[in-house]
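Okay, thanks everyone, let's get going. I'd like to walk you through one structure today, starting at the ligand and working outwards.

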Amino acid sequence: MINKQLRAAAESAPPVADGLPPSIHPQVFQHTVNQADMAISITDVQGNILYINPAFTRVTGYASEEAVGQNQSILSNHSMPRELYQGLWQTISHGEHWGGRLINRRKDGSKYLAELSISPVVSAAGEVLNYLGMHRDITEVHRLESEVRNQKALIESVVDAAPVVIALLDVDDRVVLDNHDYKKLQADLGMAEPAPILMSAVRASLELDSGRGRRTSGYLFLDREVRLDPPGGRSPRWFSCSGSRVREDDTSADAFLASQGRDYLLLVAKEITSLRLQQEKVRVAALQVLMADEDRVSGLRESLAAATFRLEGPLNMMASVVGMLARRKGETDAMSVALTEAITAGQQALKDLRSMIPGETREAIGAVNLNELLRDVLDLSTGRLLAAGITVIWQPQAMLPALQGAPNKLRSMFKALIDNAIEAMNTRGCRERELTVASKARLGGIEVDIADTGPGIDGAQILKVFEPFHTTKRGGCHLGTGLSSAQQVVAEHGGFIEIEPTTTRGCRVRVLLPLDRRP
Ligand code: FAD
């Protein structure tokens, strides 16, 4: 029966043997079509069925004798848009292949989703003679696809609704997936991708902690606090970051036999800025008290040091006078005795004074975030800056690696430099009052630039100002120890400090501190 139908179809079709290798008998084609697992039908140019294979019967429920002679529209559920069929017919009647998905109805009235492919059988003259239809029931595939899509949409909406920043990063720190809060952070910071910046800060903190072996139970890192300094001098923001490894199975053909996969890092960052700001307020207030105390002590230290320095001069002079008198007369007279006594008393007084100089307190060395430290100094100087009408331009690098140092010493050192700048600008005649503080990672260290728009330092004085007790200021209240102390602190940290000669007004102090040189 089937062979009869195929023969009928073949009679209206061009000879099948076109290009057929002699080793393959034309009947092989009949068997192939009969036994194919796909529903196959051959129609005339009107879509009237001439032949169906057994798989067609299995899928649709129509036996061959019920289908042959009927139009393919017996499978139509009449629920697809009319334009779809118009498009289908327009395509195939022009001799082109059509493929698509349709809702079909079986003989028993049940619906299924068919993936249909129609190929026109064209004569050598280009005339369409028949159509070859092949379709599969893909209802289950579609159900699974929809389930995956729904699950993806569900996961995406959960991830989007989560009140934390979420980003999935590939091995090169490229963001491959993110959520609503991440996009908001991008817009707030005006940065293309904040995630790699957060990650470099996390890595730096992990490096610092290496060997301490914090337990992170399944996470690559957990609750790592990271500080971001947005460009434009805006307030810093803090995030608590956790990360875990996510593996995606490779779906390419290469991975069919040996399962392969790609590793990703799921970064979850919870903003803790408001909490940290409260802590910061308390910390800065405590710092203010501490710094005032330190200022008093270092003021006392410097005054005593200056007093001893000034006393040494006359005492030395007196000692040389005594020596001269002794050489000239060859004997010691009453004046020499009196002078010697005065020198001895003076040296004792000097000794007493020196013993009164408060010693330096030893400070623990630890990880220092220079942005945080500079911000502290600016916060501590806010009152003076406002009073002097100085505009502050704060240009931190968004993320700075931590350096090993003595935080209090460094803070006092930068405070002294900023105090100098304020003082330089807070003079009559200085109209433009701008203080620029910038930080950036450079040459395995961190460079801090402090520039003011004051009168600047004369080229000849640039090196001298670092000498102890050298001051360019008139009036007796300046000891001239600020820059020499600053130089000492910088040297203790293995760095260097210089004053850049400027062609215009102002003074620019540059400090370079290495990251890992312990003082
Ligand atoms: P119909 O009135 O049959 O057709 C709708 C529109 O199609 C018409 O307005 C007209 O513009 C166009 N059209 C119909 N017949 C022709 C024609 N001979 N020449 C030019 N334009 C025409 N449909 C299914 O729903 N499921 C299937 O599995 C399926 N398989 C097919 C397999 C083959 C090989 C072919 C050739 C067609 C197949 N079709 C199938 C399409 C089917 O023939 C119908 O066009 C369709 O089912 C719509 O039927 P209808 O009764 O709703 O509208």
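What follows is a short tour of the ligand site, a few backbone oddities, two helices and some buried residues.

Before anything else, keep in mind that this is a predicted model.

So, the ligand. How many residues surround it? The count is 20, and the closest are Gln-72, His-78, Arg-82, Trp-89 and Asn-104. If you sort that shell by residue type, you get nine nonpolar, 10 polar and one charged.

Which elements supply the shell? Helix α5, together with strands β3 (98–105), β4 (111–122) and β5, each give at least two residues. The largest share is from α5, with five residues.

Now the polar contacts to the ligand, and I have three to show you. Asn-104 has a polar side-chain atom 2.8 Å from a nitrogen atom of the ligand. For Arg-82, an N or O atom of the side chain sits 3.2 Å from a ligand oxygen atom. And Asn-71 places a polar side-chain atom 3.3 Å from an oxygen atom of the ligand. As for cover, the ligand on its own has 920 Å² of accessible area, and the protein covers 79% of that.

Let's stay with α5 for a moment. This helix runs over residues 82–93. Does its length add up, or is it off? With 12 residues at 1.5 Å a residue, α5 should span 16 Å, and the end C-alpha atoms are 17 Å apart, so that agrees. Just after α5 you come to Gly-95, which has a positive phi of about 80°.

On the other side, have a look at His-78, in the loop between α4 (64–67) and α5. His-78 isn't a glycine, yet it has a positive phi of about 55°. Buried or exposed, then, for His-78? Exposed, because its relative accessible area is 65% and the cut-off is over 50%. Remember that His-78 is also among the closest residues to the ligand.

There's another non-glycine with a positive phi, and that's Asp-173, at about 65°. Asp-173 is in a loop as well, between β6 (165–169) and β7 (175–178). Asp-173 has 19% relative accessibility, so it counts as buried, with the line drawn at under 20%.

Next, β5, which I mentioned as part of the shell. The strand covers residues 128–137, and Asn-130 is in it. Asn-130 is at 2% relative accessibility, so this one is buried. Where does its side chain go? The Asn-130 side chain reaches the backbone oxygen of Thr-43, at 3.1 Å.

Moving away from the ligand site, here's helix α12, residues 407–425. Its 19 residues reach 27 Å from first C-alpha to last, close to the 27 Å you'd expect at 1.5 Å a residue. Its buried residues include Leu-410, Met-413, Phe-414, Leu-417, Ile-418 and Ile-422. What caught my eye is that the buried list also has Arg-411, Lys-415 and Asp-419 in it.

On that theme, here's another arginine: Arg-276, in helix α9 (residues 273–329). Arg-276 counts as buried because its relative accessible area is 11%. Follow the chain from there to Arg-227 and you cross 49 residues in sequence, while the C-alpha to C-alpha distance is 9.9 Å.

Last stop, the cysteines. How many disulfides turn up in a search of the whole structure? Zero. Of the cysteines, I'll just point out two. Cys-241 has a relative accessible area of 0%, so it is buried. Cys-507, at 11% relative accessibility, counts as buried too.

That's my tour, so over to you for questions.

Definitions and conventions. Residues numbered from 1 in each chain as written. Predicted model: local features only at pLDDT ≥ 70, side-chain atom pairs only at ≥ 80, totals over all residues. Heavy atoms only, no water. Helix = DSSP H or I, 4+ residues; strand = E, 2+ residues; numbered from the N terminus. Buried < 20%, exposed > 50% of the residue type's maximum accessible area, 1.4 Å probe, protein only. Polar contact = N/O pair within 3.5 Å; in protein donor to acceptor, adjacent residues only side chain to side chain. Expected span 1.5 Å × (residues − 1). Near = heavy atom within 4 Å. Areas by Shrake-Rupley, 256 points an atom, 1.4 Å probe, with all protein chains shown as cover. Nonpolar A, V, L, I, M, F, W, Y, C, P; charged D, E, K, R; others polar. Disulfide = S-S within 2.5 Å.
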